[in-house]
Amino acid sequence: MTVSSSRRRFTASAPSWLFAAPALAVYALVVLYPAVSGVVYAFTDWSGIGQDMSFVGLANFGTLLGDDQAMGSIGNTLLLTVATVAVQNGVGLLLALGVHAKLKSRALLRVIFFAPVVVSPVMVAFLWKYIYNPDPSAGLNGLLGLHVDWLGDPSVALWSIAGMVVWQYAGYSMVIFLAGLEGVPRELHEAAMIDGAGTLQRFRYVTWPLLAPAVTINLMLSTIGGLKLFDQVFAATNGGPGYATETLSTVLYKQAFVFGKFGYSTAVALVLALFVAAVSLVQVYYLRRREVTA
Amino acid sequence: MRKTFLLEIVMIAVAVAFLFPVYTLVSLSLKDPGQISRSPLALPDPPTLDNYGSAWTAAALGPSLVNSTVVTVASLVALIALGSFAAYFLARVRTRLGYGLYVLFLLGIVLPFQLGMIPLYELVNTLGLIGTHAGMILFYTGIQLPFTVFLYTGFIRALPREYAAAAQIDGASHLTAFTRVVFPLLRPITGTVLILNAVFIWNDFFTPLVYLGGSGFETVPVSVFAFVGQYVSQHGLVFAGLVLGAVPIVVVFLALQRYVIKGFASGLKG
């Protein structure tokens, strides 16, 4: 007993803060300092060259409100996010339910559906740029016998981008849902079956409530990914046709590195940061409340 | 049993449809321009490997594979070392300051990198690290630390303190207790950290585009981007380049697929 009590006293000594010092230094240099400066630059007219810069108050945000391209990009970003979140998670859930069943090919199917996740989004976008070929004999048109200008028609292009994002990441949602499904105790299903519950009822009243943590994670991941979407748009359409697929990330990139408006670009980045932070907080708050444990 | 059989047929059909883009990618990369315009959907007849040879040289994929490997491996080593050490402190400390520091790290998961992109560019430029491996390694280590610290801290908190304590009673310092006793116990979460960060760093496009563009130290996605821009209408050539660029990570994925899928399912970020 004396040994255990002396050991307890011993464990009370925490490691020195020096353990965290190198990580903190790198983190402060690469993330914290630039982010804080970014907030400051958002209120200046800095051009990115030299030290010439003056504080312009909220002028960048005023410009933003009157900037059709940037305002349009906010709408596009939100539409893209809602579309990808809904479809990617819907498809991901169906795939998860499918490969969760005792199929002979389940291991292979999982690998197939997940594989695009590990490939660079830029490369996936280039592949899909061809799949979305306007030529009626090639790509998706050729396969489906359609004649759609998937990326060239301004009313279709945004949804085409959403389609390629869903294709690439549905497998990601799938594996998170699968992890959730594997955590649902078999006994609960058996008990519900004995009580006469059908497949749909068992899903609704047994599986679905217990999937809540997986739903939370999936919705957060896909929402944040959708809001920050850059690579796919940049590679497939570069925001076009016109400004039809411009997102917050492509606008802030162009404002900085094409037009040299660094101050304005960071103002757009700040808006994006606020969207991401707001969504994260709302999701954590509301989705945690409906989580139950098995 | 009949029900699973039907479901199996449906799922296989879905998988076949899902693979259509992959079929397009591979079959076009094996066709000459004539075949591509005549019969874009058919199987290559006869298949040719010419595109691969031309793409390998035209895209300069050799050097960018080396660059990607150097940047990814060095960043992973730094992330695992710095992240696990910091997490050991954050998971064991019981002061308010320690908790505040943990929250400060978590903030980095939510902040979009774009917010600090331009000041960071300026900073990296001042340090003379634009267009260098060191700049990229520093960047990825910083940007991925919050997530790495988050994963390690959660894992260490669930680990009994007695392991390290026993080593310390035997006279080991915190440093020895950590490196000899605790760190080896972290293997499962180190695997997750490794996989998620490796996929992110290897595939990242935005950062090397901004920080390495035109430097000769370009990583695979940037090289492929430049290559595609140059040969945009030669689909066979472009697709051979895409296949070559994707092969390393796909091979690693197939070799380690169980761990990769588990890592993604347990991690939080993509």
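The buried residues of helix α6(B) are L101(B), Y102(B), F105(B) and G108(B). They span an arc of only 100 degrees around the axis, which puts them on the same side of α6(B). An α-helix has 3.6 residues a turn, so residues three or four places apart point the same way. On the other side of α6(B), the exposed residues are R96(B), Y99(B), G100(B) and V103(B). The model is a predicted one.

Helix α6 of chain B runs over residues 96-110 and has 15 residues. From its first C-alpha to its last it reaches 22 Å, close to the 21 Å expected at 1.5 Å a residue. What lies over its buried residues? The cover includes α5 (61-92) and α8 (133-157) of chain B, together with α2 (21-41) of chain A.

Chain A also meets chain B across a wider set of residues: 76 residues of chain B are in contact with 81 residues of chain A. Which classes of residue make up the side of chain B that touches chain A? On that side there are 56 nonpolar, 16 polar and 4 charged residues.

Now take chain B by itself. Its secondary structure consists of 15 helices and 0 strands. Of the 270 residues in chain B, 47% are buried. The C-alpha atoms of chain B fill a box of roughly 75 × 65 × 30 Å along the principal axes. The radius of gyration of chain B is 23 Å, whereas a compact globule of 270 residues would have one near 18 Å. Among the contacts in chain B with a separation of 6 or more, 75% are between residues 24 or more positions apart.

The domain assignment splits chain B into domain 1 (16-48) and domain 2 (55-266). The C-alpha centres of domain 1 of chain B and domain 2 of chain B are 35 Å apart. The two domains do touch: 8 residues of domain 1 of chain B are in contact with 7 residues of domain 2 of chain B. Which helices each supply at least two residues of the side of domain 1 of chain B that touches domain 2 of chain B? They are α2 (20-29) and α3 (33-38) of chain B. The largest share of that side, 4 residues, comes from α2(B). By class, the residues of the side of domain 1 of chain B that touches domain 2 of chain B are 5 nonpolar, 1 polar and 2 charged.

Definitions and conventions
Residues are numbered from 1 along each chain as its sequence is written. Chains are lettered from A and ligands numbered from 1 in the order in which they are written. This is a predicted model: local features need pLDDT of at least 70, side-chain atom pairs count only at pLDDT 80 or more; totals for chains, interfaces and linings use all residues. The expected span of a helix is 1.5 Å times one less than its number of residues. A residue is buried if 20 or more other C-beta atoms lie within 10 Å of its own, exposed if 12 or fewer, and partly exposed in between; C-beta atoms are placed from the backbone. The arc is that of the directions from the helix axis to the C-beta atoms. Ala, Val, Leu, Ile, Met, Phe, Trp, Tyr, Cys and Pro count as nonpolar, Asp, Glu, Lys and Arg as charged, and the others, Gly among them, as polar. Domain bounds come from an automatic or database domain assignment. The radius of gyration is taken over C-alpha atoms; the globule rule is 2.2 Å times the number of residues to the power 0.38.
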